[in-house]
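This report walks through one chain, from its end segment to its core. Please look over the sequence and the model first.

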Amino acid sequence: KDDVLRLESFYGTCIILSFHCPAVIFEQLCLLYALPRMRARNLRIILPWFSTGTMERVEQIGQIATAASLAKMLSATPCSPTG
């Protein structure tokens, strides 16, 4: 709890995410969505590898373009106190 209270006092917060397998995506998105509520200022996100980056278009009926869906989830991250 003390570390969460200290986030507000730092100039900025940087988080390195790794979406290397579907099992970790949900918990990392939950953390990403929680950081602005913890008042993390100047939030910077580093995502070195976007695992679904090759699934940006549908080539067969019934196929799902997962890159667009995951990108929308990342875009839905709430704004931090400093924007």
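## Pro-81 and the end segment

Pro-81 is partly exposed, with a relative accessible area of 39%; buried means under 20% relative accessible area, exposed over 50%, and partly exposed in between, using a 1.4 Å probe and protein chains only. Pro-81 belongs to the segment after α3. Helices (H or I, at least four residues) and strands (E, at least two) are DSSP runs, numbered from the N terminus.

With neighbours within four places in sequence left aside, Pro-81 is in contact with Pro-36, Arg-39 and Ala-40, where contact means heavy atoms within 4.5 Å. Pro-81 and Ala-40 are 41 residues apart in sequence, and their C-alpha atoms are 7.2 Å apart in space. The C-alpha atoms of Pro-81 and Leu-43 are separated by 9.3 Å, with their positions 38 residues apart along the chain.

## Basis of the model

This is a predicted model, in which local features need pLDDT of at least 70 and side-chain atom pairs count only at pLDDT 80 or more, while totals for chains, interfaces and linings use all residues. Residues are numbered from 1 along each chain as its sequence is written, and side-chain values use heavy atoms, with hydrogens and water left out.

The predictor's confidence in each residue is its pLDDT, on a scale from 0 to 100. The chain has a mean pLDDT of 79, and 83% of its residues reach 70 or more. Confidence is lowest in helix α1 (residues 2–6), at a mean of 65, and highest in helix α2 (residues 22–37), at 87.

## Overall layout

The chain contains 3 helices and 2 strands, arranged along the sequence as α-β-α-β-α. It has 83 residues, of which 27% count as buried. About 6,000 Å² of the chain is exposed, and carbon and sulfur atoms supply 60% of that area; accessible areas come from the Shrake-Rupley method with a 1.4 Å probe, and for residues only the protein chains shown count as cover.

Among contacts between residues at least 6 apart in sequence, 66% join residues at least 24 apart.

## The two strands

Strand β1 (residues 13–16) includes Thr-13. β1 and strand β2 (residues 43–46) run parallel and are joined by 4 bridges; two strands pair if DSSP finds at least two bridges between them. One bridge partner pair is Cys-14 with Arg-44 in β2. Together, β1, α2 and β2 form a right-handed β-α-β unit. Right-handed applies if, with the strands pointing away from the viewer, the path from the first strand over the helix to the second runs clockwise.

The covered face of β1 carries Thr-13 and Ile-15, and the uncovered one carries Cys-14 and Ile-16. Why does Thr-13 count as buried? Its relative accessible area is 10%. Beyond its neighbours within four places in sequence, Thr-13 is in contact with Leu-7, Ala-40, Arg-41, Asn-42, Leu-43 and Arg-44. Leu-43 lies in β2 and is buried as well, at 16% relative accessibility. Leaving aside residues within four places in sequence, Leu-43 contacts Thr-13, Ile-15, Leu-35, Pro-36 and Ser-80.

## Helix α2 and the core

The buried residues of α2 are Val-24, Ile-25, Gln-28, Leu-29, Leu-32, Ala-34, Leu-35 and Pro-36. Their cover includes β1, β2 and α3 (66–75). After α2 comes Arg-39, whose phi is positive, near 65 degrees.

Leu-29, a residue of α2, has a relative accessibility of 6% and counts as buried. Which residues does Leu-29 touch, not counting those up to four places away in sequence? They are Phe-19, Leu-70, Met-73 and Leu-74. Leu-29 and Ala-76 are 47 residues apart in sequence, and 10.0 Å apart from C-alpha to C-alpha.

The largest nonpolar core has 11 residues: Leu-7, Ile-15, Leu-17, Phe-19, Ile-25, Leu-29, Leu-32, Leu-35, Ala-40, Leu-43 and Leu-70. The largest share of this core, 4 residues, comes from α2. A nonpolar core is a set of buried Ala, Val, Leu, Ile, Met, Phe, Trp, Tyr and Cys residues joined through side-chain atoms within 4.5 Å.
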